Structures are given as structure tokens and as C-alpha cells.
Amino acid sequence: MVRSTPDAQGRPIRLQRIGEQVRHALAEIIARGDLRDEIISRTIISVSEVRVTPDLRQATVFVKASNGDDDAVVKALGQHRGWLRGEVAKRLATKYTPDLSFRRDDSYDAGARIDEVLRRPEIARDLPPAEKPGARPWKSLADSMDEDVGDD
């Protein structure tokens with residue numbers, strides 16, 4: 001008997017769904033400005049991912065600050081995690097509300113490094129040429145009708 005349905009990466013879909021619910025709730029709480037903290041109120045914060053443990057007791061929240069001061073934002077959110085957990089509990093329909101721990105999201109930096117590597121001339125010459133911004137890899141019905149008009 002299968003206990004949960006895994007996705008392509010092998011993670012249970014239920015945990016992902018609950019993580020997304022927590023992420024949406026936290027993003028809403030932070031965006032509304034309900035949190036009375038100087039650092040948080042002057043910074044735009046992106047909640048990029050929430051990873052929930054299988055027992056639903058712990059959630060790791062990955063955040064990114066718009067001003068680049070990720071460590072200060074993580075510390076400030078950590079100081080308010082009890083209040084944030086209570087607010088998430090009001091919005092979440094689960095038996096348990098996970099304890100929250102905050103971490104900076106380094107995936108944006110990793111993506112920028114990969115993009116930088118791909119733009120190097122010695123790497124770019126091995127990549128296929130980029131398509132024009134308006135080019136489509138498919139034909140639409142209108143495109144085929146324009147070809148038929150000229151055949152008369």
C-alpha cells in the first residue's frame with residue numbers, strides 16, 4: 001500500500017501542497033504589513049519555498065530580501081516566528097501547524113551564477129542560437145490561413 005503519491009523528484013505531493021499553503025499564508029501576512037518590525041516593514045520580502053517535514057511539525061521557510069540584507073530579515077522573522085505561526089494557523093486547515101524556521105534563499109544566486117557561466121563566450125559558442133523574441137516554435141491557425149490565401 002502506497003502511503004503518499006510522490007512527484008517527479010520523489011517528494012510527497014501532500015507535503016508540497018501544505019508547504020505551498022504555508023508559503024501563501026506567510027507571503028500574505030508579510031505583504032499586508034501586519035508585522036511591526038522596522039527591518040521587515042522597509043523591505044520587500046519574497047517567500048520562495050517552504051519545506052515541511054513528513055510529520056508536519058517543522059517547516060523551513062526560504063526567504064529573499066529585495067535590498068540584499070537577507071541575514072537581517074531572517075533574524076527579524078525568526079524573532080517573530082511564534083506570532084507568525086499563530087497567524088499561519090488561522091489560515092491553515094490542518095491538525096498541526098508547523099514550527100517555522102527561516103533561511104535565506106540562495107537559489108537566486110545560484111541561478112545568476114549559472115546564467116553568468118552560460119554567457120561566457122567559450123560556452124556561448126557551443127549553445128544553439130537564441131530565437132528572436134517574437135518567434136514561435138509552432139504555427140498557429142492564422143499562420144496557415146495566411147499561406148493558403150496566396151495559393152489562389
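**Notes on the predicted model**

1. Starting with the overall layout: read along the sequence, the protein chain runs α-α-β-β-α-α-β-α-α-α. That gives seven helices and three strands. Keep in mind that this is a predicted model. Of the chain's 152 residues, 27% count as buried. Among contacts with a separation of 6 or more, 61% are between residues 24 or more positions apart. The chain exposes about 10,900 Å², and carbon and sulfur atoms supply 52% of that area.

2. Next, the core. The largest nonpolar core has 27 residues, and the members that touch the most others are L26, L77 and F102. At least two residues each come from α1 (13-32), β1 (45-52), β2 (58-65), α3 (70-79), α4 (81-91) and β3 (99-104). Which element gives the largest share? That would be α1, with seven residues.

3. L77 is worth clicking on. Setting aside neighbours within four places in sequence, L77 is in contact with I30, L35, I40, V63, L84 and F102. One of those partners, F102, is also among the three residues that touch the most other core members, and another, I30, is one of the buried residues of α1.

4. Now α1 itself. This helix has 20 residues and reaches 29 Å from its first C-alpha to its last, close to the 28 Å expected at 1.5 Å a residue. Its buried residues are L15, I18, G19, V22, R23, A25, L26, I29 and I30. An α-helix has 3.6 residues a turn, so residues three or four places apart point the same way. You can follow that rhythm through the buried set, for instance along L15, I18, V22, L26 and I29. The cover over the buried residues includes α2 (38-41), β1, β2, α3, α4 and β3. Just after α1, G33 takes a positive phi of about 80°.

5. One charged residue in that buried list deserves a look: R23. R23 forms a salt bridge with E20, with the closest N and O atoms 2.9 Å apart. Both residues lie in α1, three residues apart, about one turn of the helix. Is E20 buried, exposed or partly exposed? E20 counts as partly exposed because its relative accessibility is 35%, whereas R23 is buried.

6. On salt bridges more widely, a search of the whole structure finds eleven. Side chains of opposite charge can pair when their charged atoms come close. K64 and D70 make one of these bridges, with the closest N and O atoms 3.2 Å apart, and both residues are buried. D106 and R104 make another, at 3.0 Å between the closest N and O atoms. Here the burial is not like that of the K64 pair: D106 is partly exposed, with a relative accessible area of 41%, and R104 is partly exposed too, at 32% relative accessibility. There is also a network of salt bridges that links E28, R32, E87, K90 and R91.

7. Over to the strands, where T60 and R51 make a handy pair to inspect. T60 is found in β2, and R51 is found in β1. Not counting residues up to four places away in sequence, T60 touches E49, V50, R51, S101 and R103. With the same kind of neighbours left aside, R51 is in contact with Q58, A59, T60 and F62. How do the two stand for burial? T60 counts as buried because its relative accessibility is 18%, under the 20% cut-off. R51, at 48% relative accessibility, counts as partly exposed. R51 also has a partner from far along the chain to check: R51 and L15 are 36 residues apart in sequence and 7.7 Å apart in space, C-alpha to C-alpha.

8. Last, the surface. I114, V117, L118, I123 and L127 form a nonpolar patch there, with about 380 Å² of accessible area together. Which helix gives the most to this patch? Helix α5 (residues 107-118) does, with three residues. V117 lies in α5 and is partly exposed, with a relative accessible area of 32%. V117 qualifies for the patch because 32% is over the 30% cut-off.

Methods. Residues numbered from 1 in each chain as written. Predicted model: local features only at pLDDT ≥ 70, side-chain atom pairs only at ≥ 80, totals over all residues. Heavy atoms only, no water. Patch = residues over 30% accessible without salt bridge, like charges linked within 9 Å, V, L, I, M, F, W, Y side chains within 5 Å. Areas by Shrake-Rupley, 256 points an atom, 1.4 Å probe, with all protein chains shown as cover. Salt bridge = Lys/Arg side-chain N within 4 Å of Asp/Glu carboxyl O. Helix = DSSP H or I, 4+ residues; strand = E, 2+ residues; numbered from the N terminus. Buried < 20%, exposed > 50% of the residue type's maximum accessible area, 1.4 Å probe, protein only. Core = buried A, V, L, I, M, F, W, Y, C linked by side-chain atoms within 4.5 Å. Contact = heavy atoms within 4.5 Å. Expected span 1.5 Å × (residues − 1).
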